[in-house]
Amino acid sequence: YENTKSGRVLVYCPESRNDANLRISNEVTIIGTHAFSGCKITGITIPNSISEIQKSAFGGYTTKLTENGADIVISACALKSVRFAGGGIMPLIVGESAFGYEEPKSGEKVNTKTGCTSLATVTFDSTCNVKSLGNRAFSGCPIVSIQLPNSVTALGDRTFADCAKLNSFGFAQSSDIDPTK
């Protein structure tokens, strides 16, 4: 953990961690960039204390750097299910590529785009306070069905891109969500 002006950040989950349903402490307010990359947990509950899931917190990619040819592997974690807990007061922002694949940086050649390739189940408690899902937040995940809560008011570009198994997508009719993104 790291304490910042923005709150308590979970910065790293050891790759050896293999919980079936990890529960994050309610003291944590932010899940940091690449915090769960390579982690072997299969289930997680995002507590209502979380206000931000940063870029690629769970997602990843494999790339080859052009300057020396060395492979850099930023592996996605082994998640199969994610539950967003209800009752939150703070709005939750799910960042770019949080569970999906990350676009390469300039000058990088991507060998493989890997989101959380086992993430099939994403559930939102009816009282959760997720406000937005960032660009490619779940890209490349094998999610079959998703029902967004009423709290979601914004989707980034390609939020569910390359989710080939996604066959059911629901959201509140009163929302301003554009499901074609």
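Cysteine 163 is buried, with a relative accessible area of 9%. The model in which this residue sits is a predicted one, and a search of the whole structure finds 0 disulfides. Cysteine 163 is accordingly in no disulfide: the nearest cysteine sulfur belongs to cysteine 141 and is 5.5 Å away, whereas a disulfide requires a pair of cysteine sulfur atoms within 2.5 Å. Cysteine 39 also counts as buried, at 1% relative accessibility.

The strands may be taken sheet by sheet. An open sheet is formed by 7 strands in the order β1-β2-β4-β6-β10-β13-β15, and its pairing is mixed. At the edges stand β1 (2–4) and β15 (154–155); each has a single partner strand, so one side of each is left without a neighbour in the sheet. Within this order, β4 and β6 pair in the parallel sense over 2 bridges. One residue pair on this path is isoleucine 31 with its bridge partner in β6, isoleucine 53.

A further open sheet contains 4 strands, ordered β3-β5-β9-β12, with parallel pairing. Its edges are β3 (22–23) and β12, each with a single partner strand, so one side of each lacks a neighbour in the sheet. Strand β5 (residues 43–46) is joined to β9 in the parallel sense over 4 bridges, and isoleucine 46 has phenylalanine 84 of β9 as its bridge partner. On the other flank, strand β9 (residues 81–84) runs parallel to β12, again with 4 bridges joining the two. There, arginine 83 stands opposite threonine 123 in β12.

Strand β12 (residues 121–124) shows an alternation of its side chains. Val122 and Phe124 point to one face and are buried, while Thr121 and Thr123 point to the other face and are not buried. The threonine that faces arginine 83 across the bridge, threonine 123, therefore belongs to the face of β12 whose side chains are not buried.

The buried side chains lead to the interior. In soluble globular proteins, nonpolar side chains tend to be buried together. Here the largest nonpolar core has 42 residues, of which Phe36, Ile53, Phe58, Phe84, Phe99 and Phe138 touch the most other members. The elements giving two or more residues to this core are β5, β9, β10 (92–94), β12 and β13 (130–133). Two of these core residues have already appeared in strand pairing: Ile53 is the bridge partner of isoleucine 31, and Phe84 is that of isoleucine 46. Phenylalanine 36, another of the core residues named above, is in contact with Leu10, Cys13, Leu22, Ile24, Ile31, Ile41, Ile44, Ala57, Phe58 and Cys77, leaving aside its neighbours within four places in sequence.

Serine 51 offers a buried polar position to examine. The residue lies in the loop between β5 and β6 (52–53) and has a relative accessible area of 16%, which makes it buried. Apart from neighbours within four places in sequence, serine 51 is in contact with Thr29, Ile30, Met90, Pro91, Leu92 and Ile93.

Charged side chains supply a further set of links. Side chains of opposite charge can pair when their charged atoms come close. The structure holds 4 salt bridges. In one of them, arginine 8 pairs with glutamate 27, the closest N and O atoms being 2.5 Å apart. Arginine 8 lies in strand β2 (residues 7–10) and glutamate 27 in the loop between β3 and β4 (30–31), so the pair ties together parts that are 19 residues apart in sequence. Arginine 8 is partly exposed, with a relative accessible area of 23%, while glutamate 27 is exposed, at 53%.

Another salt bridge returns to arginine 83, whose partner is aspartate 125, with the closest N and O atoms 2.7 Å apart. Because arginine 83 lies in strand β9 and aspartate 125 in the loop between β12 and β13, the pair ties together parts 42 residues apart in sequence. Arginine 83 counts as partly exposed, at 30% relative accessibility.

Glutamate 96 and arginine 136 also form a salt bridge, and their closest N and O atoms are 2.7 Å apart. Glutamate 96 is in the loop between β10 and β11 (108–114) and arginine 136 in the loop between β13 and β14 (145–147), so this pair ties together parts that are 40 residues apart in sequence. Glutamate 96 is partly exposed, with a relative accessible area of 28%, whereas arginine 136 counts as buried, at 11% relative accessibility.

Technical notes. Residues numbered from 1 in each chain as written. Predicted model: local features only at pLDDT ≥ 70, side-chain atom pairs only at ≥ 80, totals over all residues. Heavy atoms only, no water. Buried < 20%, exposed > 50% of the residue type's maximum accessible area, 1.4 Å probe, protein only. Pairing = 2+ DSSP bridges. Contact = heavy atoms within 4.5 Å. Core = buried A, V, L, I, M, F, W, Y, C linked by side-chain atoms within 4.5 Å. Salt bridge = Lys/Arg side-chain N within 4 Å of Asp/Glu carboxyl O.
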